[in-house]
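Biologist: Could you take me through this model, starting with how far to trust it?

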Amino acid sequence: MIKVKFRNLPTQLSLLLLALLLTFSTTTYAQEESAEAATEVAPATGEGDAAAGKTLFNANCAACHKLYKKGVGPALFGVGDKYDKEWLYSWIRNSQELIKSGDAKAIAIYEEYNQSVMTAFPALSDEDIDNIIAYTYTPKPEPTVATTGTTNVGGDGEGPTNNIILAALALIFLLLVVMLILVNKTLRRIAEANGVEYEEGEKRLPIWKAFAQNQFLVFVTSVFLLLASAYFAYGWMMQVGIDQGYAPVQPIHYSHKIHAGANQIDCNYCHSSARKSKHSGIPSLNVCMNCHKNIAEYNGEEDLENGYTKEFYTNEIKKLYKAVGWDENNQAYTGEEEPVKWVRIHNLPDFAYFNHSQHVTVAGIECQKCHGPVEEMEIMYQFSPLTMGWCINCHRETNVDLKGNEYYQKIHEELSKKYGVDQLTIAQMGGLECGKCHY
Amino acid sequence: MTKTTINMKKAIHISIVIIASLAMVSCFDSNSPNYQYMNNMYEPVGYETYGEYEIFENEMEAKLPAEGSIPRGWMPYEYENSTAGLEQARAELKMTLPVTEEHLERGEELYEIYCAVCHGTKGDGQGILMQREKFLGIPSYADPGRNITEGSIYHVQMYGLNSMGSYASQTNELERWQITQHVMNLMAALKGEPALELSSDSEGEAEVAGDMTEGEAETVETEETN
C-alpha cells in the first residue's frame, strides 16, 4: 500500500523547513518584483498593493477564480495584460451591463464560460480592483516537491531507526546465546581431555520421571491443561465470523480523519441515505465532486511517518478525477467514467436485519456509537464486533427516545406502567424479540 | 556431549512452540475478512446492495434507475439548469410549504449537515471549510450583489451554481424547501429583517405538507442520477 519512505523525520524536517524558508523568501521577493512589473505593463493608473489585493481576491474572487488554473471562471494570472483597466473596472462592477451593451470582448468571454454570470461587485473601488490586479501578477510558487524529494534521498543513509536498533540487539543476543553454548561445549571437552571430574548429578531422578510418578500432580496438571485448552479453543471458535478490526485497502485512500475530523463534515453529508434508508449508502462520486471540483490539491497536515505526504493525498484526489471523468484543465466532465470498487467493511450476515434509518433518524443515535471514532481513523476499520450479544446489550441499556412520538404515547405509557419504570428501554418494547431482526 | 545435544533439541522445540504461538496470534490479517461458519447462511441468495455480480455491467449492482422512470411522489421541476432558468426561478418560484416550527427545525438540522460546512451556521459564509481555507470567497447571504429569493435558494440547491454542486441527490423536495425556510431566516437575521411568519392557517396547509412528506419519502434514492 504505502511505502515507508520517510524514516528520518527530525533531520528531514529541519532540512524541509530550511527549504520551505528559502522558497518562501524567494517568492516574496518575486512578488514585489512582479508587482512592479504589473505597474509597468499597465501604466494607465497608479500601482496596486498586491498584499491588499490578496485579501480582496480571497474574499470576493476565489470562489470562482484561481490564479494559475481554470475554475468556474478563467485563470486570472496576469489578467491585466489581456484587458485594459477601464474595461476590467466596468466588467467587475457589472459584467451583465457590459454584455448587454454589446461589447465584443465581454460577449466572447461570457460565451466561452458557458454563459455563467459573474456576480456584480459594485462596492469595489478603482483602487481595490488595482490591488486585485496587482495580486494576479504573483508568480506561481515553485513546487516544493523537488526539494523535499532530494532531502529525503540525502537523509536516507543517516541515523539508525528504532527497527534497526532492535534488529541489531536481537542479533547480538542470539550471538551471545550461541557463544555460551560453544563455550560450554569446549569447556566440557577440555575437562574430559584433562580427566577432570565434575559432578554430573546422575544419581538424582530426572524431573519428568519424578513428575510422572506423582499421580496427584499429573491429575491436577492434566485438568489444568484441559481447562486451558478449552478456554483457548472456545475463544478461537467465538471469533470465527467476526470481522472486528477489518481494515481493507481501498482503491482510493479516503481519510475519514481529514474529512470528518479536521474538516468536521457531518457523516450525513456523504452518507445521506443513512437518514432514510436501510443502508447507509456509499456516496456516489458526484457527492465527492461537490467539494473536490474546487479542491484539487491537498494542503493540510502531513504524516511523514506513514508516507501520507501532500503529494500522496493529491494523487488520491487525481484518482477520484480519473474515476469520475473530470478534466481538471478544462473544468469539464469527459464522460469517461471508471466505477470505484470500494471494499465493503461492515456486513451483517443475511439472516440478521438491520435498518440504519431506524437507528439514525428515529432513535437519534450517533454514528460513532457503533462505528467508533471514525473522525480519527486514517484508514477505516470495523470498530464493533457486530455480534448478536453486542446488539442485545445496547437494546437492554438504551432508553427509548419518546420525544415527538405522540402516535405511540399511549402504548408507551401502558408499557411503562406494566414494567413499573419511568423510562422504557428498547428491550422492554420488544427489542429482544427474535422476529424483530430474524425473519 | 549427549547432554548438550539434548539441550540443543530442547531449545529447538521451545523455539518452534514460540514461533507457532506467535504465528497463531499474529495471523489475523486486517486486510481480509475472517472465516465464517456456514457461509450459506451468511451470504444472501438475492442480489445484495452494493454487491458484485457478473450479471451486471461492470459487475456493479448499484445501478441507475431505468430511463424515464418516475419515483413515487416526484413532481417535475420546470426550471432549467441555466442562467435564464435561475433568473426565472428567482422571480417566479414560490414556496408552497407552510412555515411551521417543525419544518424550520428540520430545515436547521439539514442546513447544519449540508450547508454549514461552507456557508457557516449563521449564513455569513464563514463555515469551517472557509476558515481552514479549503474554500475561499464564499459570500454571505446578506451580500448586496446577490438578490436571494426563496425561488433562487431552491433552484441553487437543485442544480448548484458556479462552484457549488447540486444537492438534489442528497435531499428531497420537502427537505430542500425546509432548508430554504431556514436560509430565508438566516438571511433575514443577517440583514436585520424580521424572520418568516409562521403560517396561521394550519388545517388546510398542513394537509398539503402531509402529502408532500409521504410521497417524498420514496424519492430519495432514485434522484441520485442528477
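Modeller: Chain B has an average pLDDT of 76 (the predictor's confidence in each residue, from 0 to 100), and 78% of its residues score at least 70. This is a predicted model, in which local features need pLDDT of at least 70 and side-chain atom pairs count only at pLDDT 80 or more, while totals for chains, interfaces and linings use all residues. Residues are numbered from 1 along each chain as its sequence is written, with chains lettered from A and ligands numbered from 1 in the order in which they are written.

Biologist: Which elements of chain B have the lowest and highest mean pLDDT?

Modeller: Helix α9 (residues 202–216) of chain B has the lowest, 44, and α4(B) the highest, 89; helices here are DSSP runs of H or I with at least four residues, numbered from the N terminus.

Biologist: Switching topic, how many residues does each chain give to the contact?

Modeller: Chain B gives 41 residues and chain A 53, where contact means that C-beta atoms, placed from the backbone, lie within 7 Å.

Biologist: And which helix supplies the largest share on the chain B side?

Modeller: That is α4(B), with three residues.

Biologist: How do α3 and α7 of chain B pack?

Modeller: Helix α3 (residues 83–92) and helix α7 (residues 150–159) of chain B pack at about 140°, with axes 6 Å apart; the axes are lines fitted to C-alpha atoms over the stretch in contact, and angles run from 0 to 180 degrees between N-to-C directions. The pair is therefore oblique, meaning outside the ranges under 35 (roughly parallel), over 145 (roughly antiparallel) and 65 to 115 degrees (roughly perpendicular).

Terms used
Helix = DSSP H or I, 4+ residues; strand = E, 2+ residues; numbered from the N terminus. Contact = placed C-beta atoms within 7 Å.
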